[in-house]
Amino acid sequence: MREEIFGKVDNYLSNLFSLNDDILERTEESIRENGMPEHSVSANQGQFLFLLAKMCNAQRIIEIGTLGGYSTIWLGRALNGKGKLTSIEIDPNFADVARENIKNAGLENTVEIITGDALDIFSELSQNENETVDLFFMDADKPNYMAYFEWAIKHSRKGSLIIADNVIRNGEVLNENSNDEKVIGVRAYNKMLSESDQVTSSILQQVGIKDYDGIAISIVK
Ligand code: SAH
Ligand code: DHB
Ligand code: MG
């Protein structure tokens, strides 16, 4: 019952704001056609990411976990043709699908999709660039969230945002005896945020057309 109304309100909001245009619909379709996991953020969550990017005037964004590029399109659009978004995807087939969707969205000049394991790519990026990153969106393997955070902190400035998806996991985050590595990963991440003196954070529960989940938003001090 609750789930039904959460989904209906989610659809009401995305229709009200006309969030799903042809490009985003086509992206979701490509994910289904290619049998990829249906783990894109929802349209309302995408709009929220877009808003966060605008609020910190992001020019340099790094995303970890591209899938078909749905969240990438939302974040890429926030750059308004300026700046740069690098999105890292471990699966070369997913990265190919995403590149096509990015091209279709007309974002190929601002968005670069790199294929590889995020931690490997990070060590390469560290050698090549000293620039600071305005916004990180981590949405890949949950056990590595802490490692991604460490890298993000090193490449941030005061006011950079570090955002992590899926930190509530249908409430499984309450289960301190969970054997699920994703739950263990986000529990450790949330705890670390609560104790960190490097960031100020807020963790939001999210409901809607996707499973009951949540997002951690941290600002670098
Ligand atoms: N951000 C996307 C959804 C990402 S789903 C959206 O909302 O539209 C998570 C993605 O992370 C999957 O495509 C998975 O292949 C990728 N992934 C998992 N482990 C990874 C790693 N170590 N490095 C890079 N990408 C990884
Ligand atoms: C999972 C990953 C995601 O990024 C997501 O949004 C939902 C679920 C998962 O791996 O279970
Ligand atoms: Mg996610």
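**Figure 1. Classes of the residues that form the shell around ligand 2 in this predicted model.** The shell around ligand 2 holds five charged residues and two polar ones, with no nonpolar residue. The residues surrounding ligand 2 are His39, Asp139, Lys142, Asp165, Asn166, Arg169 and Lys182. Aspartate, lysine and arginine are counted as charged, so Asp139, Lys142, Asp165, Arg169 and Lys182 make up the charged part of the shell. His39 and Asn166 supply the polar part.

**Figure 2. Polar contacts of ligand 2 with protein side chains.** An oxygen atom of ligand 2 lies 2.8 Å from an N or O atom in the side chain of Asp139. For the side chain of Lys182, the corresponding distance from an oxygen atom of ligand 2 to an N or O atom is 2.8 Å. For the side chain of Lys142, an oxygen atom of ligand 2 is 3.3 Å from an N or O atom. When ligand 2 is taken alone, it exposes 290 Å², and the protein buries 77% of that area.

**Figure 3. The largest pocket, the space taken by ligand 2.** The space taken by ligand 1 is also the largest pocket. The volume of this pocket is about 840 Å³. Its lining consists of 37 residues, and those closest to the pocket centre are His39, Asp139, Ala140, Lys142 and Asn166. Three elements give two or more residues to this lining: α4 (70-78), β2 (84-89) and α8 (181-195). By class, the lining of the largest pocket contains 14 charged, 13 nonpolar and 10 polar residues. Among the residues closest to the centre of the pocket, Asp139 also belongs to the surroundings of ligand 2.

**Figure 4. The surroundings of ligand 1.** There are 20 residues around ligand 1, and the nearest are Val41, Gly65, Ser71, Glu89 and Asp139. The shell around ligand 1 comprises nine nonpolar, six polar and five charged residues. Both α4 and β2 supply at least two residues of this shell. These elements also each give two or more residues to the lining of the largest pocket.

**Figure 5. Polar contacts of ligand 1 with backbone and side-chain atoms.** What does a nitrogen atom of ligand 1 approach in Gly65, and at what distance? The partner is a polar backbone atom of Gly65, and the distance is 2.8 Å. A polar backbone atom of Ala118 is 3.0 Å from a nitrogen atom of ligand 1. With Tyr148, the partner is an N or O atom in the side chain, which lies 3.4 Å from a nitrogen atom of ligand 1. On its own, ligand 1 has 580 Å² of accessible area, of which the protein covers 90%.

**Figure 6. The second largest pocket.** The volume of the second largest pocket is about 290 Å³. Of its 19 lining residues, Asn20, Glu28, Ala43, Tyr70 and Ile209 are the closest to the centre. At least two residues of this lining come from each of α1 (2-16), α2 (22-33) and α3 (43-55). The lining of the second largest pocket divides into seven polar, six nonpolar and six charged residues.

Notes: Residues numbered from 1 in each chain as written. Chains lettered and ligands numbered in written order. Predicted model: local features only at pLDDT ≥ 70, side-chain atom pairs only at ≥ 80, totals over all residues. Heavy atoms only, no water. 1 Å grid on protein atoms, 1.4 Å probe; cavity = no way out; pocket = protein on both sides within 12 Å on 5 of 7 lines; lining within 4 Å. Points joined across faces, edges and corners; volume = space filled by probe spheres on them. Helix = DSSP H or I, 4+ residues; strand = E, 2+ residues; numbered from the N terminus. Near = heavy atom within 4 Å. Polar contact = N/O pair within 3.5 Å; in protein donor to acceptor, adjacent residues only side chain to side chain. Areas by Shrake-Rupley, 256 points an atom, 1.4 Å probe, with all protein chains shown as cover. Sits in = over half its atoms within 2 Å of the grid points.
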